[in-house]
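Work through these exercises with the model open beside you. Try each task before reading its solution.

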Amino acid sequence: MITWLNGVLDQREATANASGDNADARCWSVIDDGIDCRVLDAAGEVIVHDEGSPTREQADHIALNDPKQILADVAADRAIAAEHAIEYPDTEFAYCAVCHDHDRHDAAAAPCRTLRLLAAKYATWPGYQPSWAPEGSRG
Ligand SMILES: [Zn+2]
């Protein structure tokens, strides 16, 4: 799961970085003058034209998920994954250094619920295994 998750994060990061060659190009906002609704980058370059779409709501969603936000999400996800790294992965001694209950070792609890929840963010991506779903989730 960790290898797959790192691959997903690498792909998201690479796609966000490829969308613009500097911070201004990766920070998007909505310009809506009541006639046209466009998504522009911080330098004023048009990212999405209004040609009957997007709607204002769609434009807001696009801007809220700009490359700058994706890079921040990826950085936070990497930090969470690193904090909940699995000790002795793929062994009967596997455990999460943060979540592990030292009074009741259970290698099946690795990856921990936090890592499973993190991976579940990307459940629609190819390669996600339903068996990774955190306990109690709808899958
Ligand atoms: Zn953990």
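**Exercise 1: The cores**

The largest nonpolar core of this predicted model is built from six residues: Trp 28, Val 30, Cys 37, Val 39, Ala 59 and Ala 63.

Task: Find which elements each supply at least two residues of this core.

Solution. Place the elements along the chain: β1 spans 28-32, β2 spans 37-41 and α2 spans 56-64. Each of these three supplies at least two residues of the core. Then look for a second core. A separate one has five residues, among them Leu 5, Leu 115, Leu 118 and Ala 119.

**Exercise 2: Contacts of Cys 37**

Task: List what Cys 37 touches, leaving out residues up to four places away in sequence.

Solution. Start with the lower numbers: Cys 37 touches Val 30 and Asp 32. Continue with the higher ones: Asp 50, Pro 54, Arg 56 and Ala 59.

**Exercise 3: Two domains**

Task: State which residues the domain assignment gives to domain 1 and domain 2, and how many Å separate their centres.

Solution. By the domain assignment, domain 1 takes 1-23 and 67-127. Domain 2 takes 28-65. Over C-alpha atoms, the two centres are 32 Å apart.

**Exercise 4: Val 98**

Task: Decide whether Val 98 counts as buried or exposed.

Solution. Locate Val 98 in the loop between β5 (95-96) and α4 (113-120). Count its C-beta neighbours inside 10 Å: there are 12. The cut-off for exposed is 12 or fewer, so Val 98 counts as exposed. Next, check its contacts. Beyond four places in sequence, Val 98 is in contact with Glu 83 and His 84. Finally, take Cys 112, 14 residues from Val 98 in sequence: the C-alpha to C-alpha distance is 8.9 Å.

Notes. Residues numbered from 1 in each chain as written. Predicted model: local features only at pLDDT ≥ 70, side-chain atom pairs only at ≥ 80, totals over all residues. Core = buried A, V, L, I, M, F, W, Y, C linked by C-beta atoms within 7 Å. Buried ≥ 20, exposed ≤ 12 C-beta atoms within 10 Å, placed from the backbone. Helix = DSSP H or I, 4+ residues; strand = E, 2+ residues; numbered from the N terminus. Contact = placed C-beta atoms within 7 Å. Domains from an automatic or database assignment.
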